[in-house]
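User: I have a model open and would like to learn how to read its sheet and its helix packing. Could you walk me through it?
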Amino acid sequence: MPEDGFQRCEKQGIAYYTCRALDQVPGLSHAFSTRHGGVSPLPDKALNLSRVSWDSPQNVEENRRRFFSALALRPETLATLCQIHSSEFHIINGAPHQWNPGTPGDALITRSPGLALAVQLADCFPILAADPVTRAIACVHAGWRGTLGGILPNTLSGMVQHFGCDPLRLLVAIGPGIRSCCMEVGEELAPAFKQACPGISRPHPANLGKYLLDLPQALKLQAAAAGIPEKSVFDLGMCTRCRSDEFFSYRAEGAHAGRMMAVISWVLGDGC
Ligand SMILES: [Zn+2]
């Protein structure tokens with residue numbers, strides 16, 4: 001079940017989650033997709049929103065069309081990245097057709113209306129951020145590498161530096177991802193996390209030499225360190241691996257996993 005700050009929506013057969021605090025920002029559209037409502041196989045009606053070897057480009061295009069239609073957004077406004085588990089963000093100004101989706105990086109920031117910022121995921125965490133006053137919005141992709149590298153604090157600080165966002169006003173929503181119940185890593189990673197985010201790794205209770213990482217907790221600590229009040233950080237609280245009936249999970253499904261999308265955009269005009 002999602003935490004109180006979120007709701008599960010179903011429109012035009014597409015299931016997705018939204019954060020209530022972001023829902024209340026006038027003119028803002030956002031969503032965290034699920035695996036339901038598309039045309040992709042494996043098993044069927046899968047909403048795979050990214051190019052993967054087992055799916056056809058036509059399916060992905062139709063899935064994106066359906067997802068964006070449910071959100072009253074236009075697919076041609078979509079801006080994505082070539083995600084590389086880095087700590088690098090990009091600022092986009094202007095029209096979406098001027099943006100190269102092959103740009104390497106893991107977060108996007110804009111203030112332009114009519115640009116739907118999106119990241120693609122299957123276990124890594126999506127984070128959406130918005131400042132209702134300056135109207136800067138951001139979309140972040142954070143797995144363990146990006147979290148360790150500081151992709152979230154870098155992006156939040158980019159919003160402050162480039163658009164004058166006040167951290168006290170920023171709203172931050174953490175979507176579905178692999179949580180501490182399932183995020184197992186080798187002991188070689190534990191020291192780095194102990195140093196960067198104390199308290200978020202613990203020895204695996206059953207697998208000797210393995211550790212469990214609490215990435216959402218690390219992201220919350222990083223948001224707090226960036227000056228975001230605790231009450232403005234929302235966590236969906238759902239694990240993609242435990243809930244592979246609802247979400248795609250790379251660790252649960254391997255190479256056959258689809259990809260979900262987290263998207264955030266200012267809506268152009270009335271109902272877009
Ligand atoms: Zn889990």
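User: In what order do the six strands of the open sheet run?

Analyst: Keep in mind that this is a predicted model. The strand order is β1-β2-β3-β16-β8-β5, and the pairing in this open sheet is mixed. Its edge strands are β1 (6–11) and β5 (78–79), each of which pairs on one side only.

User: In which sense do β1 and β2 pair?

Analyst: They are antiparallel, with six bridges joining β1 to β2 (residues 14–19). To find one of these on your screen, start from Phe6: its bridge partner in β2 is Cys19.

User: Which helix packs on the sheet?

Analyst: That is α2, residues 57–70. This helix touches β1, β2, β3 (28–33), β5 and β16 (260–266), and its direction makes about 50° with that of β2.

User: How should I read two helices packed together, and what do α4 and α6 show?

Analyst: Two packed helices are described by the angle between their axes and the distance between the axes. Here, α4 (residues 151–163) and α6 (residues 215–225) have axes that come within 9 Å and cross at roughly 30°. Angles under 35 degrees count as roughly parallel, so α4 is roughly parallel to α6. The crossing of α4 past α6 is right-handed.

User: Which residues make that contact?

Analyst: From α4, look for Leu152, Pro153 and Leu156; from α6, Leu219, Gln222, Ala223 and Ala225. By character, the residues of this contact are six nonpolar and one polar, with no charged ones.

Note on methods: Residues are numbered from 1 along each chain as its sequence is written. This is a predicted model: local features need pLDDT of at least 70, side-chain atom pairs count only at pLDDT 80 or more; totals for chains, interfaces and linings use all residues. Two strands pair if DSSP finds at least two bridges between them. Helices (H or I, at least four residues) and strands (E, at least two) are DSSP runs, numbered from the N terminus. Two residues are in contact if their C-beta atoms, placed from the backbone, lie within 7 Å. Axes are lines fitted to C-alpha atoms, for helices over the stretch in contact, and angles run from 0 to 180 degrees between N-to-C directions. Angles under 35 degrees count as roughly parallel, over 145 as roughly antiparallel, 65 to 115 as roughly perpendicular and the rest as oblique. A crossing is left-handed if the near helix is turned anticlockwise from the far one by less than a right angle, and right-handed if clockwise. Ala, Val, Leu, Ile, Met, Phe, Trp, Tyr, Cys and Pro count as nonpolar, Asp, Glu, Lys and Arg as charged, and the others, Gly among them, as polar.
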